[in-house]
Protein chains: 2
Amino acid sequence: MSTPERLIEATRELLWERGYVGTSPKAIQQQAGAGQGSMYHHFAGKPDLALAAIRRTAEEMRATAEGVLGGPGSPYERVEAYLRRERDVLRGCPIGRLTMDPDVVASEELRAPVDETLDWLRERLAGIVEEGQERGEFAPSLDGEEIAATIVATVQGGYVLARASGSTAAFDAGVRGLLSLLAVNSPARTDA
Amino acid sequence: MSTPERLIEATRELLWERGYVGTSPKAIQQQAGAGQGSMYHHFAGKPDLALAAIRRTAEEMRATAEGVLGGPGSPYERVEAYLRRERDVLRGCPIGRLTMDPDVVASEELRAPVDETLDWLRERLAGIVEEGQERGEFAPSLDGEEIAATIVATVQGGYVLARASGSTAAFDAGVRGLLSLLAVNSPARTDA
DNA sequence: GTCTATACACCGATAGAC
DNA sequence: GTCTATCGGTGTATAGAC
């Protein structure tokens with residue numbers, strides 16, 4: 001792997017683990033096995049490198065989500081697959097966690113990929129919910145965009161609960177709770 | 001206000017705004033209008049001061065929540081009042097945000113008040129949901145603890161969505177979505 | 001491209017005078 | 001209780017040799 005590549009990967013790891021404020025150039029260099037001069041040769045500085053790292057993580061997250069949401073199954077099944085997909089729950093969301101970073105939120109550039117990713121996810125889910133409504137899988141009274149926001153928020157908040165307790169149980173409970181609410185709204189479903 | 005008092009309040013503000021990693025003793029002293037020696041006279045160091053600040057914020061959050069959850073109204077109405085209560089959405093949750101702080105999560109002592117507060121909130125909500133089930137306000141098939149986790153997660157995740165977009169709209173959408181799901185699941189309610 | 005050297009402020013804390 | 005002085009280490013670079 002090339003040096004710029006290693007630097008970006010190291011930054012992705014550290015941003016996930018410690019956030020932007022908690023990640024130093026020095027730590028990045030050590031994790032990447034690159035020298036000081038090397039890092040500043042390839043990137044303008046910490047924000048520049050962080051931007052590259054965040055963009056890549058955002059793309060990856062989107063691709064992972066699309067892999068499930070664009071997969072087979074009914075709308076409800078795809079939402080369920082998304083909610084139940086394997087996650088490193090205790091590590092949290094590498095994109096969502098950045099919203100708690102004051103320096104990221106303060107920077108138009110750094111916040112943009114975070115915003116776009118979560119926004120894309122909500123719209124993608126909203127479309128699926130609406131599709132489900134047409135098929136009679138979800139109550140027609142529901143608002144697709146609102147339910148989509150609830151779904152994404154439940155996942156993001158689930159990470160918070162899990163990390164607070166040091167256990168994945170609360171995340172799983174929140175997801176099951178949401179699925180049970182969605183299921184009862186499915187006129188077509190009887191296993192609720 | 002006494003000096004220790006001012007130091008605690010300053011720390012609370014900074015922890016909320018910038019997190020534990022992003023908050024330095026120097027910044028605390030400036031915000032509190034206290035000198036270096038003064039801070040270290042009253043507190044053993046940054047972790048000690050942070051612990052005092054976190055405990056107070058946790059107590060306050062619990063009291064605020066209880067004010068709504070222990071108020072008048074049916075279980076559904078109290079849950080709704082909790083979800084719709086006024087919040088400084090773009091600032092996020094002063095307790096929940098700490099779960100994204102690696103140094104807080106790594107410390108048993110600092111994490112404890114965070115965990116206890118969110119845990120208390122979930123149990124409080126679970127009881128209310130179960131009460132609502134007895135009254136026929138929520139479907140009996142639902143699990144109180146799971147729904148409680150979903151409610152808290154929706155709020156915590158709502159902050160993430162709001163901060164990502166720089167707008168409270170996504171938070172509100174998530175809350176409305178959850179309320180609509182809860183309402184549709186109320187056998188006794190017809191306004192869904 | 002990568003290395004070492006240098007810079008200057010800040011971090012988190014301690015020491016000791018007042 | 002509060003102040004100033006001091007400390008070793010880190011944060012975030014820049015400079016310039018190789």
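# A tour of the surfaces around two DNA strands

Begin by selecting B:Thr3 together with DNA strand D, where an N or O atom in the side chain of B:Thr3 is 3.0 Å from a phosphate oxygen of the strand; this is a polar contact, a term for a pair of N or O atoms within 3.5 Å, and within protein one atom must be able to donate a hydrogen and the other to accept it, while residues adjacent in sequence count only if both atoms are side-chain atoms. The model is a predicted one, in which local features need pLDDT of at least 70 and side-chain atom pairs count only at pLDDT 80 or more, whereas totals for chains, interfaces and linings use all residues. Residues are numbered from 1 along each chain as its sequence is written, chains are lettered from A and ligands numbered from 1 in the order in which they are written, and side-chain values use heavy atoms, with hydrogens and water left out.

**Stop 1: DNA strand D**

Keep DNA strand D selected and add B:Ser38, whose side chain has an N or O atom 2.8 Å from a phosphate oxygen of the strand, and then B:His42, for which the corresponding distance to a phosphate oxygen is also 2.8 Å. Widening the selection shows 14 residues around the strand, with A:Pro25, A:Gln36 and A:Tyr40 among the closest; a residue is near a strand if one of its heavy atoms lies within 4 Å of it. Of the strand D atoms that come within 4 Å of the protein, 60% belong to sugar and phosphate.

Which helix supplies the largest share of this surface? Colour α3(B), which contributes four residues; helices here are DSSP runs (H or I, at least four residues), as strands are (E, at least two), numbered from the N terminus.

**Stop 2: DNA strand C**

Now select DNA strand C, which has 15 residues around it, A:Ser38, A:His42 and B:Gln36 being among the nearest. Sugar and phosphate make up 62% of the strand C atoms that come within 4 Å of the protein. The side chain of A:Ser38 places an N or O atom 2.8 Å from a phosphate oxygen, and a polar side-chain atom of A:His42 likewise lies 2.8 Å from a phosphate oxygen. With B:Gln36, look towards a base instead, since a polar side-chain atom of this residue lies 2.5 Å from a base nitrogen of strand C. Finish by colouring α3(A), which gives the most to this surface, with four residues.
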